[in-house]
Amino acid sequence: MEQKIRVLVAKPGLDGHDRGAKVVARALRDAGMEVIYTGLRQTPEMIAEAALQEDVDVVGLSILSGAHMALVPRVLELLKANGQEHVRVFIGGIIPDEDTPRLKELGVAGVYGPGAPTEQIIADIRAAISGVAA
Amino acid sequence: MELAQPVLNGDRLALARLLSRVENDTPEGRLALDALFPHTGRAHLIGVTGAPGTGKSSLVNQLAFHLRKQGKRVAIVAVDPSSPFTGGAVLGDRVRMRDLAGDPGVFIRSMASRGSLGGLAATTAAVTQVFDAAGFDVILIETVGAGQSEIDIARLAHTTIVVEAPGLGDDIQAIKAGILEIADLLVINKADRPGVELTERALKTMLELAHPVRKVFRHHGQVMELSGAETPDSRLWIPPVQRVVATEGKGIPELLKAIEQHVAHLRSSGDWVRRERARLEAEFDLLLQETLVSRFISKIPSTSLDSLLESIQTRKTSPREAVYQLLNENKD
């Protein structure tokens, strides 16, 4: 049986707009992936725990609040602490350009702003997964 | 990587990984299942099913929350449908289970149905075995939003809860065959909504038709007795109807009491053992069939199989004749 790519889509932080996260979740579903959707106002701890229980390959975070430089490193740290350093993390939302290099340095696999084509996100996820031994 | 032993030792990462192997039915997953099998048979499997939007996830959330207060370790397997077109899925049951976050005594796993039509995925039973071996006391299994015939859950679970909500259908829906028949407990969720009395009456009427009981009533001023079953069989379980409001946790302690009563009934009547035996026999039968078929097919040259299929397609041989022909030619 073909192995499904499993993706956790989560919204850390306090902003209450999850339309973007839902659009991406839907697009990944249509690309044949299994998307675990966790909803709004997740703490980094909740996200890492869900990623562990669901044994996902990818975590997608939607952040519009501007708190990404606080939230993302914490999620990465917790994933690592749980033994899930192989999980690739993608970020979408309002992320200023100057923050992108720093996020990628930290280990983020992709950063997407408003209007990013979902085809691009899907292709990047597939490329990132195929580079990782299961 | 050997995963069975770490799972028995309580390693959560190993557990998560093994669940994926088992879900994907890999050789490694199968071996681990064999190794874990002697450690299974301890957990109480509770199925939660019902139409989409009746509040299954919210109910599971509350049940798990209250079971944790009793000190029980709880695993949740939540199944949502896969797209029949792309094979993808959005698994959204965790959204309703926020109260359980951060509790190491709870483990939630979402599963896509991956083409299975019975309300569960093909490997859901195997996944529950892993949780069972890992020492979880209760395993809550949430089916896909079920219609009228997704009844696999009744074969898997010891206790099946069917969730209804007010306003979903009248008493004709309630006497149709299918999902209501498999209920060990009936729950009317969203019981703060109008129409709850109608739903309750329809369900209770359905139950009375199925399980006639002695009733005394007044007719023209005379006390009359309507005889149903002569002596109520103490081994007979009549599903209770429980009102709950899952989002507020109302009615949950009462529901848990009813679940405990059901377990006590299963134990005392011998149904627990019977159900386990039936389930294991069915699993054995299925595996035997699968294995025999794949072993048989692997011995047949693909050319002879192709020519046989060809003669079926050109309507020279009926499918049944073709099967007999194949079996006669390949005896050993």
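Strand β5 of chain A, residues 108-112, is mostly covered: 5 of its 5 residues are buried. Keep in mind that this is a predicted model.

What does β5(A) pair with? Strand β4 of chain A, residues 88-93, runs parallel to β5(A), and 4 bridges join the two. One pairing to look at: A:G92 has A:Y112 in β5(A) as its bridge partner. Between these strands the chain passes through helix α4 of chain A, residues 100-106. That β-α-β crossover is right-handed.

Now the whole sheet. It is open, with 6 strands and parallel pairing. The order reads β5(A)-β4(A)-β3(A)-β1(A)-β2(A)-β3(B). The edges are β5 of chain A and β3 of chain B, residues 89-91, each pairing on one side only. From one strand to the next, the twist averages 20°.

Next, the place where chain B joins. Strand β2 of chain A, residues 34-42, pairs with β3(B) over 3 bridges, in the parallel sense. There, A:I36 stands opposite B:L91.

Helices next. Helix α2 of chain A, residues 44-54, packs on the sheet and touches β1, β2 and β3 of chain A. Its direction makes about 170° with that of β1(A). Helix α3 of chain A, residues 68-81, lies across β1, β3, β4 and β5 of chain A. Helix α3(A) runs at about 165° to β3(A).

Last, the core. The largest nonpolar core has 123 residues. Which residues have the most contacts inside it? They are A:V35, A:V59, B:V130 and B:L140. Take A:V35: its contacts include A:V7, A:V9 and A:L28 in chain A, and B:A89, B:V90 and B:L91 in chain B.

Key
Residues are numbered from 1 along each chain as its sequence is written. Chains are lettered from A and ligands numbered from 1 in the order in which they are written. This is a predicted model: local features need pLDDT of at least 70, side-chain atom pairs count only at pLDDT 80 or more; totals for chains, interfaces and linings use all residues. A residue is buried if 20 or more other C-beta atoms lie within 10 Å of its own, exposed if 12 or fewer, and partly exposed in between; C-beta atoms are placed from the backbone. Two strands pair if DSSP finds at least two bridges between them. A crossover is right-handed if, with the strands pointing away from the viewer, the path from the first strand over the helix to the second runs clockwise. A nonpolar core is a set of buried Ala, Val, Leu, Ile, Met, Phe, Trp, Tyr and Cys residues joined through C-beta atoms within 7 Å. Two residues are in contact if their C-beta atoms, placed from the backbone, lie within 7 Å. Axes are lines fitted to C-alpha atoms, for helices over the stretch in contact, and angles run from 0 to 180 degrees between N-to-C directions. Lists of a residue's contacts leave out its neighbours within four places in sequence.
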